[in-house]
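Please open the structure in a viewer and keep the sequence panel visible. The stops below are arranged so that each selection leads to another.

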Amino acid sequence: MNSQTRLDWVDAAKGISILLVVMMYSAYSVGEDTGGIGFLHNIIAYATPFRMPEFFLISGLFLSQVVDRDWSRYADRRIVHYLYFYAVWAIISIAFKVGLATGNPIAVLTEMAWAIVQPHGVLWFIYVLALVSAAVKLLHMLRVPHWLAFAGAAALQIAPISTGAYAIDQFASFFVFFYTGYALAPIIFRIVGHAQARPLLAVAALGVWAALNGFLVFSPDYLFLPDHFEMGYAALPGLNLILAIAGSLALCTIAALLTRLPFMAWLSWFGKQSLVVYLAFALPMSILRTILVKLDLITDTNLLSLVVFGFATIAPLVLLALVTWTGWGKFLFERPAWAHIPGTPGSLHPRIRPKSVPAE
């Protein structure tokens with residue numbers, strides 16, 4: 001499996017992941033407004049064990065290529081990069097939502113101050129990516145063995161950690177998957193390579209996984225509500241971790257098989273824009289949903305969820321196209337030279353040509 005093929009399936013996996021994330025927020029927010037449950041709720045419920053774990057696993061896959069860099073270069077690319085986009089979009093979101101809701105500049109500034117320590121809204125993923133990246137670098141510098149780091153990360157995920165500090169809780173829940181992508185990248189690439197070489201066997205294995213995942217998710221005691229879903233046996237500590245990793249590998253395999261189909265090339269392209277979509281989908285989603293609900297234009301939960309999902313997925317791409325075409329607002333999706341650590345590639349250091357770094 002050559003590097004280009006690897007890049008294709010990794011991007012395709014990102015594409016599937018961001019579609020599931022946007023679908024989840026669209027379906028649950030519509031459900032919260034209407035009290036209804038649609039077919040998108042069922043898809044999201046099925047994907048609950050692996051939806052976010054897969055995103056973290058994919059994000060850690062190529063970390064080994066940069067983890068040996070000095071702290072400033074590593075921090076610039078894997079920590080400051082994410083925090084820059086988090087800050088930009090948190091400010092936009094808070095100014096828009098809190099500003100319009102309250103009309104109180106003090107409330108806006110207070111919310112922005114809280115966003116420094118308490119991740120804002122859907123942007124928590126970007127915030128936590130910076131934290132897990134810093135943690136891996138620290139563990140690497142301390143030469144902590146992979147097995148020991150994984151055991152500690154797994155213990156955090158299995159333990160019922162609920163501190164009230166959202167960043168800490170989410171770090172505990174998802175660090176193990178990011179570390180798995182980093183530490184087990186060669187094994188993951190081999191698994192995907194074998195699947196591409198033996199597609200019929202891979203499809204059969206995926207069928208077994210799909211049936212088992214569905215049984216454990218929708219086993220007794222699961223709970224379907226308009227704005228969230230609680231799993232059955234799949235929620236059990238330990239089993240949840242296993243299902244999350246298995247589901248993440250399955251999603252990588254599905255992505256790899258899909259890249260073999262010429263008409264699925266769009267998925268890899270879409271995956272390259274995954275961070276752009278993640279950053280910008282929430283506002284258009286909220287705006288359209290609010291308008292449609294208040295005007296009572298669509299009453300069917302299935303159709304309303306689908307329309308909101310489609311709009312939330314496409315709107316960031318339209319915004320990106322407008323920014324690219326006009327040249328205005330590049331800071332939304334490209335990190336400017338001033339937002340780099342001085343002396344790192346892309347910074348304002350006189351010996352290095354300044355350049356923008358896209359969100360990816």
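The tour begins with the whole chain and then proceeds to individual selections.

**Conventions.** This is a predicted model, in which local features need pLDDT of at least 70 and side-chain atom pairs count only at pLDDT 80 or more, while totals for chains, interfaces and linings use all residues. Residues are numbered from 1 along each chain as its sequence is written, and side-chain values use heavy atoms, with hydrogens and water left out.

**Whole chain.** Display the entire chain, which comprises 15 helices and 4 strands; these are DSSP runs numbered from the N terminus, helices being H or I of at least four residues and strands E of at least two. The C-alpha trace spans about 55 × 55 × 45 Å along its principal axes. Buried residues account for 49% of the 360 residues, where buried means under 20% relative accessible area (1.4 Å probe, protein chains only).

**Nonpolar core.** Select Trp9, Phe56, Phe125 and Val136, the residues with the most contacts inside the largest nonpolar core, which has 113 residues. Such a core is a set of buried Ala, Val, Leu, Ile, Met, Phe, Trp, Tyr and Cys residues joined through side-chain atoms within 4.5 Å. Helix H1 (residues 3–34) gives the most to this core, with 14 residues. Now centre on Phe125: beyond residues up to four places away in sequence, Phe125 touches Met52, Phe55, Phe56, Ser59 and Tyr278, a contact being heavy atoms within 4.5 Å.

**Arg78.** Ser59 also leads to Arg78, whose side chain reaches the backbone oxygen of Ser59 at 3.0 Å. Arg78 is in helix H4 (residues 71–102). Is Arg78 buried or exposed? Arg78 counts as buried because its relative accessible area is 12%. Outside four places in sequence, the contacts of Arg78 include Leu63, Leu129 and Phe178.

**Gly181.** Move to Gly181 in helix H8 (residues 166–183). At 0% relative accessibility, Gly181 is buried. Leaving aside neighbours within four places in sequence, Gly181 is in contact with Leu57, Gly60, Leu61 and Ile188.

**Helix H15.** Finally, select residues 301–326, helix H15. Its 26 residues should span 38 Å at 1.5 Å a residue (times one less than the number of residues), and the end C-alpha atoms are 37 Å apart, which agrees. At its start, a side-chain oxygen of Asp300 reaches to within 3.2 Å of the backbone nitrogen of Asn302. Buried residues in H15 include Leu304, Val308 and Phe309. Gly327 follows H15 and has a positive phi, near 85 degrees.

Methods. Buried < 20%, exposed > 50% of the residue type's maximum accessible area, 1.4 Å probe, protein only. Polar contact = N/O pair within 3.5 Å; in protein donor to acceptor, adjacent residues only side chain to side chain.
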